[in-house]
Amino acid sequence: MPLRGACCAPGSFDVRAHVAHTFTLTRSDFSSFQKEVGKLIRKRLPRGWGFLLQVFVWLFIGLAVSTYFRLYENAFEYRRSVALTGGLIVAAAAAFAFGQALSARAVQRHLLLENGSLLSPQTLTLEEDGLALSTSNGLGASRFGWAAFIGRTEDARNLYLFLDASYALIIPKSVVAGAGEDLIRRHVGEL
């Protein structure tokens with residue numbers, strides 16, 4: 001891919017010295033990305049709303065449990081039915097929690113294919129005007145100007161360059177360490 005531009009000012013990225021970096025993401029990188037999206041959602045909620053929502057949820061749970069035990073104490077002739085209903089409610093809550101965990105595992109296992117574009121080897125090329133990303137197995141190639149990104153977040157392992165509120169490019173920090181990471185930070189602000 002031909003590059004445009006001349007050598008940059010001292011201390012900035014030299015587009016003539018660009019290097020294509022090849023890397024392969026893992027399922028744990030995708031899990032980390034999902035956690036970053038969750039953090040962004042919580043960050044965008046108005047201050048105090050998350051806490052207030054938790055207070056109301058636990059208040060209603062407390063009221064429901066209290067009412068259930070009062071009903072159990074007062075309904076002598078229906079105690080068996082009330083106890084069965086309570087057991088079924090607890091079993092339903094446990095099944096719901098188990099279903100959520102199972103659903104997350106199903107996404108990891110069945111929607112992230114080993115030969116799919118996310119888990120295939122990818123090649124990243126950084127340039128002064130943007131970046132190019134392609135899969136090594138020929139599944140696709142994309143080129144993005146820096147203005148395409150609405151912001152970035154990061155964790156200890158990866159940089160996440162967001163194109164939308166829930167869609168981002170996942171780039172391992174080890175791949176772009178040094179000048180490449182500085183270039184990204186200079187062009188893509190933090191969310």
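# Salt bridges, core and surface of a predicted model

Lysine 39 and glutamate 36 are both part of helix α1 (residues 27-44), where three residues, about one turn of the helix, separate them. In this predicted model, the two side chains form a salt bridge whose closest N and O atoms are 3.3 Å apart. The partners differ in their cover: lysine 39 is partly exposed at 45% relative accessibility, whereas glutamate 36 is buried, with a relative accessible area of 5%.

## Salt bridges across the chain

Ten salt bridges are found in a search of the whole structure. Side chains of opposite charge can pair when their charged atoms come close. Three of the pairs are set out below.

| Pair | N to O distance | Relative accessible area |
|---|---|---|
| Lysine 39 and glutamate 36 | 3.3 Å | 45% and 5% |
| Arginine 186 and glutamate 128 | 2.9 Å | 42% and 24% |
| Glutamate 154 and arginine 185 | 2.7 Å | 25% and 29% |

Arginine 186 and glutamate 128 meet through their side chains in a salt bridge of 2.9 Å, N to O. This pair links distant parts of the chain, 58 residues apart: arginine 186 belongs to helix α5 (residues 179-187), and glutamate 128 to the loop between β2 (122-127) and β3 (130-135). Arginine 186 is partly exposed, and glutamate 128 also counts as partly exposed.

A salt bridge of 2.7 Å, N to O, joins the side chains of glutamate 154 and arginine 185. Because glutamate 154 lies in strand β5 (residues 151-154) and arginine 185 in helix α5, the pair ties together parts that are 31 residues apart in sequence. Glutamate 154 is partly exposed, with a relative accessible area of 25%; arginine 185, at 29% relative accessibility, is partly exposed as well. Both residues belong to a network of salt bridges that links Arg152, Glu154, Lys173, Glu181, Arg185 and Glu190.

## The buried side of α5

Which residues of α5 are buried? Gly180, Glu181, Leu183 and Ile184 are buried in this helix. They lie on the same side of α5, because the arc they cover around the axis is only 160 degrees. The cover over the buried residues of α5 includes β2, β5, β6 and α4. Glu181, one of these buried residues, is also a member of the salt-bridge network.

## The nonpolar core

The largest nonpolar core has 29 residues, and Leu131 and Phe149 are those with the most contacts inside it. Two or more residues are given to this core by each of α1, β2, β3, β6 (158-164), β7 (167-172), α4 (173-176) and α5. The largest share, five residues, comes from β6.

What does leucine 131 touch, when residues up to four places away in sequence are not counted? The contacts of leucine 131 are Leu124, Thr125, Leu126, Ser142, Arg143, Phe144, Trp146, Phe149, Leu161, Leu169 and Ile171. Phe149, named among these contacts, is the other residue with the most contacts inside the core.

## A nonpolar surface patch

On the surface, Leu45, Trp49, Leu52, Phe56, Leu59, Phe60 and Leu63 make a nonpolar patch of about 720 Å². Leucine 45, one of the residues in this patch, lies in the loop between α1 and α2 (49-74). With a relative accessible area of 43%, leucine 45 is partly exposed.

Terms used:
Residues are numbered from 1 along each chain as its sequence is written. This is a predicted model: local features need pLDDT of at least 70, side-chain atom pairs count only at pLDDT 80 or more; totals for chains, interfaces and linings use all residues. Side-chain values use heavy atoms; hydrogens and water are left out. A salt bridge is a side-chain nitrogen of Lys or Arg within 4 Å of a carboxyl oxygen of Asp or Glu. Helices (H or I, at least four residues) and strands (E, at least two) are DSSP runs, numbered from the N terminus. Buried means under 20% relative accessible area, exposed over 50%, partly exposed in between (1.4 Å probe, protein chains only). A nonpolar core is a set of buried Ala, Val, Leu, Ile, Met, Phe, Trp, Tyr and Cys residues joined through side-chain atoms within 4.5 Å. Contact means heavy atoms within 4.5 Å. Patches are made of residues with over 30% relative accessible area and no salt bridge: like charges are joined within 9 Å, nonpolar side chains (Val, Leu, Ile, Met, Phe, Trp, Tyr) within 5 Å. Accessible areas come from the Shrake-Rupley method with a 1.4 Å probe; for residues, only the protein chains shown count as cover. The arc is that of the directions from the helix axis to the C-beta atoms.
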